[in-house]
Each structure stands twice: as structure tokens, then as C-alpha cells.
Amino acid sequence: MRRSKTTKISSKAASRPADRANGGSLAEGRRVLKIEARAVQALIERLDAQFAKAVDLLLRCKGKVVVSGMGKSGLVGQKIAATMSSTGTPAFFLHPAEGIHGDLGMLGRADVLIAISNSGETQEILQLLPSVERMGIPVVSMTGRMTSTLAKNSDVALDVSVSEEACPMGLAPTASTTATLAMGDALAVALLQKRGFKQEDFAQFHPGGTLGRRLLVRVKDLMHGGSEMPTVSEAVPATAAILEITAKKLGMTTVADANGRLAGIITDGDLRRFIQQGGDFAKVTAGELASRNPKTIAPDDLAAKAVERMERFSITTLVVTEGEKVLGVIHLHDLLKNGIV
């Protein structure tokens, strides 16, 4: 018993340094996030007519938006350019050091430059300005010093200054890069709205992966139509419907009236319930067994909408219709297999 008690006490003692270490890490993490959150919050309060001017300038751009920055500002600039490109504003990143050694040839007179420098005195950025000015290219700057050389030589200067960095030494760009990134997102989204950019437009720039499939694939691309579609006339015996369900392997069949219009559907669930009630399949028609007013969807609807309807009504199939015409059936398995869910 004594040995067990000693072990227990030792275990507690051993855990205390780890607890203290975890507590210190959590406290530091919270401190950093609070500082960065305050930096972004301060941007909201400072946002003024200069931001609106920057958006209008970028919106009128007939060429491309060119984003440039050194070091961490350059990494932020790459993300800003990528976000703009994917939301309807053609943009690319120009490394300023490469720019002053030949890559300025990438710039066109119809472009707009977004120059990023926290100090506003980054030499590689400043060395771009004379050439940019000769070409008549407008400059939107993001800087932490509104009295800097960069700010003074910009058509629009956006203030992304912060009261403190999250780095305890005040050296590593942390809160300042977060603020700049947030300002870039604000510009991109404001431009998106000004352009009337829609979900369908976004899909055109994201054809790959799950996102592209959810935004591009339509019901008609995945439905079972033609000879693959399970269907029977409402006048045939219920046993014929069972054979059709078995043959088409979708767990259901559509039921058509005498004019070929959708009269209902019969599912595996309908068959089970009929058996539980003591029914005799030989004595009923498909029309008598069918569930009326089934859930339908249009062929041009997004496949993602089919998922939403199936989830809402807790079903696994939808009948695809266009007016009174039945075109096919779409099953949850098809949506899963194609990565829509």
C-alpha cells in the first residue's frame, strides 16, 4: 500500500511542471491572438474615404492589379494577389527585387500597383516608384507609417499601422502582417461586390477539387436517365415494379400515368411497409402502391442543391423533372461518389 501511495504522489508531482508549461503556452497564445485581434479592430475604426478611393481605383483598372512587397510583406502580398485573382480581379505578385532587375517589363500602362511596406521605406519598393510613375501607373500603398516616403508618393495610402507587434521583442512582423492581410481581404471582397461577382463566377476559377464540383456539377450531369431510369406504368402489377427496382439498383422506381406524366414513386421503404401491413403484391397495381407527390429537382440545378433537398427531407433519391416531363433520377450515392457531399 505504501508503494502505491508513493507512486501516486510522485505522479502528481511529475505532472505539475507540464501543467505549468501548458498553462504558459496557452496564456501566450491568448496574448498573441488578443493583440492581433485589436490590430484588426483598429482598422475598422480607421477605415475612411481613402479605402473607398482605393476600391474605385482598382475597379477602374483596365489591366492587372500588381502586388509587391519584400519579406513577410511579400508573402502577404502573394496571398492578396491570389485572393483577388480568384474573386474576379486579375492580379499577380511582383517581387520588387526582381522588378528592379528586369521584371518591371511585366508591368503595363493600364495596371495598378499595390505596394506593401510596413515602414514605408523599404528600398526595393521605393526603387520601383520612379519607373512606375514614368509609366503612369497608379499606386495604392499599404503602410504602417503615413508620413513615409511610400505613403507620400502613392495615389492612395491605406493605414495598416499597429500599436504593438505580438512578438514580445517587437521585432518579428506579426500583428502588422495580420492587419495588412485583413486590409487586402477587405479590398478583394469590396471589389467582388462592386463587380457583382456571383457564385457561378467563383466556380469558373475553382474547377478542381470538392469546391469546384459543388459549384459546377449540375443534376443533369449525375442523374440516371434514358434506359438507366427506373420507371413503370401505374397500371402494371406491383410485382413488375419490384422487378424494375431490382433491375435498376436504385432502391426505387418512378411510376407514370397513362399520359407518361409522373404519378408517384415506389421505394424499398414502401415495399417493406406494405409487407408489414400484410399486403399481397399480386393484388395491387404499381399505382396503388406508389407514394404520390414525390420530391423533384430540375436538371439544371446544382448537384449541391440536390444534397440539400435530400438532407432536408431525409430521403436518398430525387426525381429529375422539367415541367411535366420526367428526365431521370438522382441518388445520394451518385453525389457521394462524385464528391458533392
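The following exercises, each with a worked solution, concern a predicted model of a single protein chain.

**Exercise 1. Confidence**

Determine what average pLDDT the chain has, and how residues 1–15 should be treated.

Solution. Step one: the average pLDDT of the chain is 88, and 88% of the residues score at least 70. Step two: residues 1–15 have a pLDDT below 50, and this stretch makes 0 contacts in the model beyond near neighbours in sequence. Step three: where pLDDT is low, predicted coordinates should not be read in detail.

**Exercise 2. Overall architecture**

State how many helices and strands the chain contains, and describe its burial, contacts and surface.

Solution. Step one: the secondary structure consists of 16 helices and 12 strands. Step two: the chain has 341 residues, of which 42% count as buried. Step three: among contacts with a separation of 6 or more, 64% join residues 24 or more positions apart. Step four: the exposed area is about 18,500 Å², with 54% of it supplied by carbon and sulfur atoms.

**Exercise 3. Cysteines**

Find how many disulfides the structure holds, and classify Cys61 and Cys167 as buried or exposed.

Solution. Step one: the structure holds 0 disulfides. Step two: a residue under 20% relative accessible area is buried. Step three: Cys61 has a relative accessibility of 15% and therefore counts as buried. Step four: Cys167, at 11%, is buried as well.

**Exercise 4. Aromatic rings**

Identify which rings form an aromatic pair and assign the geometry of that pair.

Solution. Step one: a search of the whole structure returns 1 aromatic pair. Step two: the pair consists of Phe274 and Phe281, whose ring centres are 5.0 Å apart. Step three: planes under 30 degrees apart would count as stacked and those over 60 as edge-to-face. The planes here stand at 40°, so the pair is tilted. Step four: Phe274 is buried at 15% relative accessible area, and Phe281 is likewise buried at 15%.

A further ring contact involves a charge: the charged end of Lys295 sits over the ring of Phe313, 4.2 Å from the ring centre.

**Exercise 5. Backbone angles**

Describe the phi of Lys249 and of Ser314, then give the location and exposure of each residue.

Solution. Step one: most residues other than glycine have a negative phi. Step two: Lys249, although not a glycine, has a positive phi of about 55°. Ser314 also has a positive phi, near 55°. Step three: Lys249 belongs to the loop between helix 12 (238–248) and strand 8 (252–256). Ser314 is in the loop between helix 15 (303–313) and strand 11 (317–322). Step four: a residue is exposed over 50% relative accessible area. Lys249 reaches 71% and so counts as exposed; Ser314, with 68%, is exposed too.

**Exercise 6. Separation in sequence and in space**

Compare sequence separation with C-alpha distance for Ala42 and Ser161, and for Asn338 and Val217.

Solution. Step one: Ala42 and Ser161 are 119 residues apart in sequence, while their C-alpha atoms are 8.9 Å apart. Step two: Ala42 lies in helix 1 (residues 2–46) and is partly exposed, with a relative accessible area of 23%. Step three: Asn338 and Val217 are 121 residues apart along the chain, and 9.2 Å separates their C-alpha atoms. Step four: Asn338 occupies the segment after helix 16 (332–337) and is partly exposed at 30% relative accessible area.

Definitions and conventions: Residues are numbered from 1 along each chain as its sequence is written. This is a predicted model: local features need pLDDT of at least 70, side-chain atom pairs count only at pLDDT 80 or more; totals for chains, interfaces and linings use all residues. Side-chain values use heavy atoms; hydrogens and water are left out. Helices (H or I, at least four residues) and strands (E, at least two) are DSSP runs, numbered from the N terminus. Buried means under 20% relative accessible area, exposed over 50%, partly exposed in between (1.4 Å probe, protein chains only). Contact means heavy atoms within 4.5 Å. Accessible areas come from the Shrake-Rupley method with a 1.4 Å probe; for residues, only the protein chains shown count as cover. pLDDT is the predictor's confidence in each residue, from 0 to 100. A disulfide is a pair of cysteine sulfur atoms within 2.5 Å. Rings of Phe, Tyr and Trp (its six-membered ring) pair if their centres lie within 6.5 Å; planes under 30 degrees apart count as stacked, over 60 as edge-to-face and the rest as tilted. A charge sits over a ring if NZ of Lys or CZ of Arg is within 6 Å of the ring centre and within 35 degrees of the ring normal.
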